[in-house]
Amino acid sequence: MAPGTLSRQLVLRVTALVAVVAILLSALTALAMRQILLGQLDGQLQATASRLINSGRGPVGRFPDAGGPGQAQGLLWYVQGQGGFVQVEDTHGVLTDAVMERLEGLEPSRQPADVRLPSLGDYRVITQQVGGGRVVITGLPMAQVTASIFAIVAATATLTLLAILIAFLAARSVVERSLRPLARLAGTATQVSALDLRSGEVAVPVRVDERDADPRSEVGRVGLAFNHMLDNVEGALAARQRSETKVRQFVADASHELRNPLAAIRGYAELTRRERAETPETTAHALGRIESESIRMSRLVDDLLLLARLDAGPAIASGPTVLNSLLADAVSDARAAGPDHLWSLAMPQDEVVARADRHRLHQVVANLLANARTHTPAGTRVEAGLTVAGPEAVITVRDDGPGVPPDIVDHVFERFTRAETSRVRRSGTQSTGLGLAIVSAVMEAHGGSVSVESRPGATCFTLRIPLAGR
Ligand SMILES: Nc1ncnc2c1ncn2[C@@H]1O[C@H](COP(=O)(O)OP(=O)(O)O)[C@@H](O)[C@H]1O
Ligand SMILES: [Mg+2]
């Protein structure tokens, strides 16, 4: 019953409706009762008037001897211009001047009317013209009718309040009971929304309960539709998973199949080039290009194969790996490959041991070092670093080269992203645009991460890997 909920609105509206109906009904009842009671009183009044007029008392006869002034309510009998009395049981009371003044002012009429008489209270009177031009007024007190109406109003008001209270309680219990399946439905929906549907796992194990999926009720229909939707989603996810697996398998197979013919092309190109003496200049150049391009293509194929394997699932064999020696080896390889760059390495004396696949991680670091070598001019300073930060080992590769071009820095870890600059074209044989994509995929498979910060003169790639034993 929190503010803004459907149940609160329903309960309040139903209660308000019942209240309006109950109040209207009781008001009409009170009005009708008043009409009936007045009708009875009027009948009584007419009868009394006829009886008195015909009895020959008053206007035609004489008034009985009056006692003291009439204060209590009783039958009123008055003849305009002559006087009258008020009769309570057997005694007759004299009318005060104020009362008489009021009665003198009444006009003859067929219909009884209400008058308020000073000190006597409300009266129902009928003013009649009788023989001899006399005007006779007969009156009966209203007190009883008023009291009855008051009692009826009090009773209906009490009943109305009771009805409103009962309506409120009943509506609340009914609404709560009927909305309970909706709450369970919302619970199921929340559970589903918490599922991680991005990962390969495609089962959606949650369903709305049978009893909340009964097509005869409105909520049940929603539940049923929800279950159908979940079936549908599950089917779609499974289909997507199947087709993805197929594509990956195809890429892996294709890469694998391409390796042998590529190796053959390379081999024959190399063989022919060796017999340079007999081949003309242009042919030698073409053969050189065939060789270098087939080397590039082999590398591309290897990279694609590795990426396809990493996509298919964890293609790494994690174990405790000492990072100090790994980094030292990688930097020394890079130094040998790029003697024109200035290489340095900073790492702690103590061994840093991470949970990693040594071979793959070496490949990652080698990729970063190769980038720092091939995408920067000679003389660039490259610094590799190793530190520990909390539960992670952090490897950094910094260089003071020109930096990653700003237009590609945001998606440099995506496949086939590489800069279209002359510098890259110069190092064309090395470039596949897959190196950093592999870095990112391998780090993800390790439960680690890679990030880059780059501006001209300061480029830093940072690897984070969970430490062993955590
Ligand atoms: N240290 C770096 N300095 C400048 N640019 C870099 C550096 N590392 C990577 N890049 C840019 O990022 C692109 C993508 O790198 P990568 O995925 O390894 O592909 P590749 O090296 O095969 O071109 C490179 O083409 C290059 O433009
Ligand atoms: Mg590269």
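Me: Before we start, how do accessible areas get worked out here?
Reply: They come from the Shrake-Rupley method with a 1.4 Å probe, and for residues only the protein chains shown count as cover. This is a predicted model, where local features need pLDDT of at least 70, side-chain atom pairs count only at pLDDT 80 or more, and totals for chains, interfaces and linings use all residues. Residues are numbered from 1 along each chain as its sequence is written, and side-chain values use heavy atoms, with hydrogens and water left out.

Me: Ok, so how much area does the chain expose?
Reply: About 26,800 Å², and carbon and sulfur atoms supply 57% of that.

Me: And what share of the residues is buried?
Reply: Buried ones (under 20% relative accessible area, 1.4 Å probe, protein chains only) make up 37% of the 470 residues.

Me: What's the radius of gyration of the chain?
Reply: It's 53 Å, whereas a compact globule of 470 residues would have one near 23 Å. The radius is taken over C-alpha atoms, and the globule rule is 2.2 Å times the number of residues to the power 0.38. Along its principal axes, the C-alpha trace spans about 165 × 50 × 45 Å.

Me: New topic: which residues does UniProt mark as "transmembrane region"?
Reply: The unreviewed entry gives residues 12–33 and 149–171. Such annotations may be inferred rather than shown by experiment.

Me: Helix or strand in residues 12–33?
Reply: 100% helix and 0% strand, with the end C-alpha atoms 31 Å apart. Residues 149–171 are also 100% helix and 0% strand, and their end C-alpha atoms lie 32 Å apart.

How values were computed. Chains are lettered from A and ligands numbered from 1 in the order in which they are written. Buried means under 20% relative accessible area, exposed over 50%, partly exposed in between (1.4 Å probe, protein chains only). Helices (H or I, at least four residues) and strands (E, at least two) are DSSP runs, numbered from the N terminus.
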